[in-house]
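Visitor: I would like a close look at one part of this model, namely how a few neighbouring helices are packed against one another and which residues do the packing. Could you take me through that part slowly, in one connected account?

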Amino acid sequence: MDVGECVVSAGRAVLDMAQREWQPLSPGELEQRLDQAVEGVLEAELTARLNAEPPPTGGCGRTPRSPVCAEPRGQRCIGPPEEEAPEPGAPRETDAGAAVTVCEHITGLLQSSGSRARLAGRARLSLSHTVLLSLTLLSERVSYRSVSRRFHLEKGNIHRIFFSFCERLNTLQEKHIRWPVGREAAESLFPLCRPEIEHRDVPGVLGVLGRTRIPIRLPMGKHHVESTGPEVKRTKKEAHPDSWLNLQLACDRDGRFLHCGISKGSDTDRGGALRDKLKQRPELMPPGSCLVARGGYPLSAQVLTPYSGRLGPREKLFNQMLQEHFHILDQAVAGLKARFKRLRYLDIANYERARAVVLTACVLHNVFLDIGQVVQGDVEEEDAASTPEGELEIDDDGVQRRDSISDVLFQTFDSGSV
């Protein structure tokens, strides 16, 4: 057997072993393992030569403070600056010091949590670097291969480390995405209407309810199930419902998430479960309070929605008061997607894993707000199909409460200015 046959045989053995140990990898990624190993050997030789030379007077020789830069100097100096310039794991809006603070804070949360979920991965990666790696994948739309080179880890390891990190963060949901109760809820209320038309019979707003869509990769076997003719490009409205996740959120006036529900795109429930929960547990809503939501959500005594159909001055005034609050949730969602750019499209076909990533981003959204890290994003117009016209369900208590509130507002406000 010559040398070439030995190399081929050894390569096949390595691929077989890798395929058994790293299930998250696709066959195409497994085939790239040998290429990456060869590249690693060549890069190591080149790095050794560069390290043997006197260091340049530029910035490559300095010792960085943040673990973001804890890579071999050779890799930093060789690669093009366009690919290595962004600080991984931190939003572009923050400086290096803020990135270190964020990583240290999240690391401290994981260390102090009572979760027994173990951070997976064959490589012995420190917890701080695990946080850094995971924030890199969430904050930037970079490939696993790019991150594997940056952190000198196999792609299969990165899969395991990242999803185990998400599993750990998911266990912190109840601690960081909390519904306020008692005195905290009463202090969280903000006015439904403008100060000049405030009235004691007008409730305070506890939060704004709404939802957005997170695109995901369509599971295998569902791409052409409904197509019997020639392939045509689907429009956004015709997209398969399993090609996105429904992310239902309720936030307070500061954009902090109070409620987070994630479901498949085929799930048509729009706040029904939350409405039933609030009815069964009235202590969750302090006296004289309500949630506000756009049309398409079920109207109830706890959740107020705009009027639909033919509107008079009274209904227009009420809708105008509600409309002024919807931007709070819009901006919170825009900030979520601006900070965690991977939510623009999750290249994950497994629902449970995609859900874990989205929930991780929502938990971290509140964590970032706790330490004063606020990101402003561009508000995207929701697809018309995701906000149907009209009211899905009629609740007598909700109709009565909405009518009484709109009557008070109309009587207090000069109807001629509507």
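Guide: Two helix axes that meet at an angle of 65 to 115 degrees count as roughly perpendicular, while angles over 145 count as roughly antiparallel and those under 35 as roughly parallel, with the rest called oblique. With that in hand, please keep in mind that what you see is a predicted model, and that everything below is computed from it.

The part I have chosen belongs to a chain with 14 helices and six strands. Of its 418 residues, 46% are buried. Among contacts with a separation of 6 or more, 74% join residues that are 24 or more positions apart. The chain exposes about 22200 Å², and carbon and sulfur atoms supply 50% of that area.

Let us begin with α7 and α8, whose axes are 9 Å apart and make an angle of about 95°. That value falls in the range just given, and α7 and α8 are therefore roughly perpendicular to each other. On the α7 side, the contact is made by Tyr 144, Arg 145, Val 147 and Ser 148, and on the α8 side by Lys 155, Ile 158, His 159, Phe 162 and Phe 163. Sorted by class, these residues are five nonpolar, two polar and two charged.

The loop between α7 and α8 contains His 152, and the backbone there deserves a pause. Most residues other than glycine have a negative phi. His 152, although not a glycine, has a positive phi of about 60°. Its relative accessible area is 44%, so His 152 is partly exposed.

From α7 we can step back along the chain to α6, which spans residues 127-139, whereas α7 covers residues 144-151. These two helices pack with their axes 11 Å apart, at an angle of about 150°, and α6 and α7 are therefore roughly antiparallel to each other. The crossing in which α6 passes α7 is right-handed. In this contact, His 129, Leu 132, Leu 133, Thr 136 and Leu 137 of α6 meet Tyr 144, Val 147, Arg 150 and Phe 151 of α7. Six of the residues in the contact of α6 with α7 are nonpolar, two are polar and one is charged. Tyr 144 and Val 147, listed here for α7, are also among the α7 residues that touch α8.

Another residue of α6 ties that helix to what follows α7. Ser 134 lies in α6 and, at 0% relative accessibility, counts as buried. Once its neighbours within four places in sequence are left aside, Ser 134 is in contact with Ile 161, Phe 162 and Phe 165. Its C-alpha atom is separated by 8.3 Å from that of Cys 166, which is 32 residues away along the chain.

We can now follow α8, residues 155-170, to helix α13, residues 351-370: the two axes come within 9 Å and cross at roughly 55°. That angle makes α8 oblique to α13. The crossing of α8 and α13 is left-handed. From α8, the contact uses Phe 162, Phe 163, Phe 165, Cys 166, Leu 169 and Asn 170, and from α13 it uses Arg 353, Ala 356, Val 357, Leu 359, Thr 360, Val 363 and Leu 364. By class, the contact of α8 with α13 comprises 10 nonpolar residues, two polar ones and one charged one.

Two further residues show what else lies around α13. Gln 173 lies in helix α9, residues 173-176, and with 23% relative accessibility Gln 173 counts as partly exposed. Not counting residues up to four places away in sequence, Gln 173 touches Cys 260, Leu 359 and Val 363. Although Gln 173 and Leu 359 are 186 residues apart along the chain, their C-alpha atoms are separated by 7.9 Å.

The second residue, Arg 355, is found in α13 itself, and its relative accessible area of 27% makes Arg 355 partly exposed. Leaving aside neighbours within four places in sequence, Arg 355 is in contact with Leu 245 and Ile 262. Between Arg 355 and Gly 261 there are 9.7 Å from C-alpha to C-alpha, across a sequence separation of 94 residues.

How values were computed. Residues numbered from 1 in each chain as written. Predicted model: local features only at pLDDT ≥ 70, side-chain atom pairs only at ≥ 80, totals over all residues. Heavy atoms only, no water. Helix = DSSP H or I, 4+ residues; strand = E, 2+ residues; numbered from the N terminus. Buried < 20%, exposed > 50% of the residue type's maximum accessible area, 1.4 Å probe, protein only. Contact = heavy atoms within 4.5 Å. Areas by Shrake-Rupley, 256 points an atom, 1.4 Å probe, with all protein chains shown as cover. Axes fitted to C-alpha atoms, helices over the stretch in contact; angles between N-to-C directions. Left-handed = near helix turned anticlockwise from the far one by under 90°. Nonpolar A, V, L, I, M, F, W, Y, C, P; charged D, E, K, R; others polar.
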